[in-house]
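Welcome! Here are a few exercises to work through with the model in view. Try each task yourself before you read its solution.

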Amino acid sequence: MKSGTPVTEDNDQRGGPTRGSTRLWRKGTLIGLHSQSQHSRTLDLKVPGWPGHRPGQHIDVRLTAPDGYSAQRSYSLAAPVDGNSVSITVDLVPSGEVSPYLYAVMEICDELDIRGPIGGWFVWEPGEPEIGDGPVMLIAGGSGVVPLVTMLRAWRQTGDQTPVILAYSLRGPDDLMYGRELNELRAVGVDIRLIYTRTVPDAHRRVAGRLGLDDIAIPATGQRAERVYVCGPAGFVDHATALLCAAGYPDAAIRTERFGPSGAD
């Protein structure tokens with residue numbers, strides 16, 4: 001299954017802040033829509049009774065047809081906790097069963113079922129003592145950028161001073177998600193590195209190509225990040241993890257989350 005955002009954790013789940021209630025299905029009502037790229041958009045939902053969540057967690061989304069048929073997918077949460085509001089960003093998979101509806105059909109005031117939050121390992125809460133002074137490195141492949149942007153939003157909201165690097169791999173300019181927000185984050189000190197693999201926009205210095213060791217280096221100090229979060233399709237995560245190991249990162253410093261098998265959403 002391939003969703004607009006990551007669906008499977010590599011590691012154990014340590015539980016969210018209200019684990020006992022995360023298995024309940026709740027009604028979510030669409031209250032906002034925001035385009036993020038030529039084939040993705042963010043859905044803001046009001047979910048009464050939402051128990052809260054942490055940056056990096058995800059939710060299950062269930063759609064049910066009038067004849068009772070239902071389909072369920074998982075999506076990363078696309079914004080830090082904000083009362084009863086929940087956001088997800090959906091990347092369209094044209095042949096998919098769920099994302100075409102979420103991307104193009106669902107309208108304001110429509111409802112769907114939500115369950116979560118899910119996951120406690122692929123989480124970064126600014127100020128975490130284990131990370132100390134950092135830096136923290138975030139590595140995204142495609143729509144794997146969604147939970148990492150949520151982490152960056154939480155980082156910015158709290159005024160955390162931990163240095164952060166975002167290495168974002170994408171095919172071309174049309175696939176760029178959160179473009180304006182990434183520029184804003186760069187302006188406040190986040191080291192944003194865009195790695196175009198196929199089509200490079202004008203004036204972009206890096207030539208097209210796969211994520212490499214230079215893209216994850218910290219040249220100013222030669223140090224390594226205290227923690228690295230990698231999110232994207234399985235092949236991308238494997239490749240990035242191999243690079244990190246080659247760069248000397250211990251397993252304990254690397255947290256990964258993968259998309260499910262491709263071919264459907």
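**Exercise 1: The length of helix 4**

Task: compare the expected span of helix 4, residues 234–246, with the distance between its end C-alpha atoms.

Solution. Helix 4 has 13 residues, so at 1.5 Å a residue it should span 18 Å. The expected span is 1.5 Å times one less than the number of residues. The end C-alpha atoms of helix 4 are 18 Å apart, which agrees. Helices here are DSSP runs of H or I with at least four residues, strands are runs of E with at least two, and both are numbered from the N terminus.

Before going on, some ground rules: this is a predicted model, in which local features need pLDDT of at least 70 and side-chain atom pairs count only at pLDDT 80 or more, while totals for chains, interfaces and linings use all residues. Residues are numbered from 1 along each chain as its sequence is written, and side-chain values use heavy atoms, with hydrogens and water left out.

**Exercise 2: The surroundings of helix 4**

Task: find the buried residues of helix 4, and say which strands they pack against.

Solution. Start with the term: buried means under 20% relative accessible area, exposed means over 50%, and partly exposed lies in between (1.4 Å probe, protein chains only). In helix 4, the buried residues are Phe236, Val237, His239, Ala240, Thr241, Leu243 and Leu244. Next, look at their partners, where contact means heavy atoms within 4.5 Å. These buried residues pack against strand 8 (136–141), strand 9 (164–170), strand 11 (227–232) and strand 12 (254–258). Finally, step just past the helix: Gly248 takes a positive phi of about 95 degrees.

**Exercise 3: Helix 2 and its partner**

Task: check the length of helix 2, see how many of its residues are buried, and describe how helix 2 packs with helix 3.

Solution. First, the length: the 14 residues of helix 2 should span 20 Å at 1.5 Å a residue, and the end C-alpha atoms are 20 Å apart, which agrees.

Second, the cover: helix 2 is mostly covered, with eleven of its 14 residues buried. Among them are Val145, Val146, Pro147, Arg153 and Trp155.

Third, the packing: helix 2 (residues 145–158) and helix 3 (residues 179–187) pack at about 40 degrees, with axes 12 Å apart. Axes are lines fitted to C-alpha atoms, for helices over the stretch in contact, and angles run from 0 to 180 degrees between N-to-C directions. The two helices are therefore oblique to each other; angles under 35 degrees count as roughly parallel, over 145 as roughly antiparallel, 65 to 115 as roughly perpendicular and the rest as oblique. The crossing of helix 2 and helix 3 is left-handed, meaning that the near helix is turned anticlockwise from the far one by less than a right angle (clockwise would be right-handed).

Fourth, the residues that meet: Val149, Leu152, Arg153, Trp155 and Arg156 come from helix 2, and Glu181, Leu182, Glu184 and Leu185 from helix 3. This contact has five nonpolar residues, no polar ones and four charged ones. Here Ala, Val, Leu, Ile, Met, Phe, Trp, Tyr, Cys and Pro count as nonpolar, Asp, Glu, Lys and Arg as charged, and the others, Gly among them, as polar.

Last, just after helix 2, Gly159 has a positive phi of about 70 degrees.

**Exercise 4: Unusual backbone spots**

Task: locate the cis peptide bond of Gly116 and Pro117, the one of Gly134 and Pro135, and the positive phi values of Cys109 and Ala203.

Solution. Begin with the background: most residues other than glycine have a negative phi, and most peptide bonds are trans.

- Gly116 and Pro117 are joined by a cis bond with omega about 0 degrees, and Pro117 is in strand 7 (residues 111–118).
- Gly134 and Pro135 are joined by a cis bond with omega about 5 degrees; Pro135 lies in the loop between strand 7 and strand 8.
- Cys109 has a positive phi near 85 degrees, sits in the loop between helix 1 (99–105) and strand 7, and counts as exposed at 59% relative accessibility.
- Ala203 has a positive phi near 75 degrees, sits in the loop between strand 10 (191–196) and strand 11, and is exposed with a relative accessible area of 82%.

**Exercise 5: Around Met137**

Task: is Met137 buried or exposed, and which residues is it in contact with?

Solution. Met137 belongs to strand 8 and counts as buried, at 0% relative accessibility. Leaving aside neighbours within four places in sequence, its contacts include Ile165, Ile216, Val228 and Tyr249.
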